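Trainee: Could you take me through one part of this protein in detail, and place that part within the whole? I would like the criteria behind each term as you go.

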Amino acid sequence: MAGGDSAVIAIQETPETTLFRPLTTTTSVADVSVALKEYFRLADSLEDLYQSWAMADDRLATIAKCIPGVRIVEQDPFECLISFICSSNNNIPRITKMVNAIRANYGEPLITISDETLYSFPSLDQLLAQANDADFRTKCGLGYRSKYILETLQILQKHGGEEYLTNLRTIQDPLVVQEKLCEFCGVGRKVADCVALFSLRQDDAIPVDVHVWNIARRDYDPDNALAQIKSLTPTTYHQVGNLFRSRFEQKAGWAHSLLFVAELPSFRPTLPKYMIEKMDAFRQEEKLKKQEVAAAKKARKAD
């Protein structure tokens, strides 16, 4: 929102359009309209991007027809950074619970709906003034991530505050942004690229985990250069990212996200049968390989 203010907005998607209404009285419809256009990056034409990606890759062309409308949002950088530190070795329900607890304990109340109060995400200054390890662990359930966040707050303050993160949007090279974000505690390459992609306009950032690694091996590695690699080293991480960046010249991070979404169980029914069968066959092949490796390891121990 304008001036960094928080607001609660009701959004309803219809077959023809998307309706919205501000629920907090201090928020104008005009400000909300601007904020939503920025948040959902509506100035970027998905139709043009989908067409560009489809020309570069037949598989993505098929997925684009099945799953239209996947776009990257532009979150607040500070909130995005803290949220992704919470994501370390975690699942979505627990991450959501942690972030909501941070809001409730350190943010400002915005509105109460049906006995549920919604809170703003706290600023850096609010967390520096109020947060401590004990409360992060007991009230927010952060566990070992508590020290990561507390140290990150100190590092960010030394860098000049939240504006430091916002200024990273001006850097053109996503690898440089990745390096700068990895200076924060609890931030590795994947978390750095997630923050860069979802809040810092680094549209060619490619967050790589084992799922993305497998997509690259299965569909975008014709020379089998990744076949013999057993772990996701920094070199492999960069190599996988480059496979996507070299194929999708416009906003490779967006294209990568569409391919990632296609792997999710909730979207499988929308895909052609032959594509699902290929995914399942690869998954089964990987499972058998792991079983063979485990059996060989067990046999060596027995000897």
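Mentor: What follows starts from the chain as a whole, then turns to R94 and to two cysteines.

This is a predicted model, in which local features need pLDDT of at least 70, side-chain atom pairs count only at pLDDT 80 or more, and totals for chains, interfaces and linings use all residues. Residues are numbered from 1 along each chain as its sequence is written, and side-chain values use heavy atoms, with hydrogens and water left out.

The protein holds 15 helices and 4 strands, where helices (H or I, at least four residues) and strands (E, at least two) are DSSP runs numbered from the N terminus. Its radius of gyration is 21 Å, close to the 19 Å that the globule rule gives for 303 residues, so the protein is as compact as a globular protein of that length; the radius is taken over C-alpha atoms, and the rule is 2.2 Å times the number of residues to the power 0.38. Along the principal axes, the C-alpha trace spans about 65 × 55 × 40 Å. Of the 303 residues, 42% are buried, a class defined by under 20% relative accessible area, with exposed meaning over 50% and partly exposed lying in between (1.4 Å probe, protein chains only). Among contacts with a separation of 6 or more, 63% join residues 24 or more positions apart, a contact being heavy atoms within 4.5 Å.

R94 offers a local view of such pairing across the sequence. R94 sits in helix α5, which covers residues 92-106, and R94 counts as partly exposed because its relative accessibility is 38%. Leaving aside residues up to four places away in sequence, R94 touches G141 and R145. Although R94 and G141 are 47 residues apart in sequence, their C-alpha atoms are 8.9 Å apart in space.

The cysteines deserve the same care. A disulfide is a covalent bond between the sulfur atoms of two cysteines, and here the term requires a pair of cysteine sulfur atoms within 2.5 Å. The structure holds 0 disulfides. For C140, the closest cysteine sulfur is that of C86, at 8.4 Å, which is too far for a bond; C140 counts as buried, because its relative accessibility is 5%. For C194, the closest cysteine sulfur belongs to C80, and the distance of 7.8 Å is again too far for a bond, while C194, with a relative accessible area of 7%, is buried.
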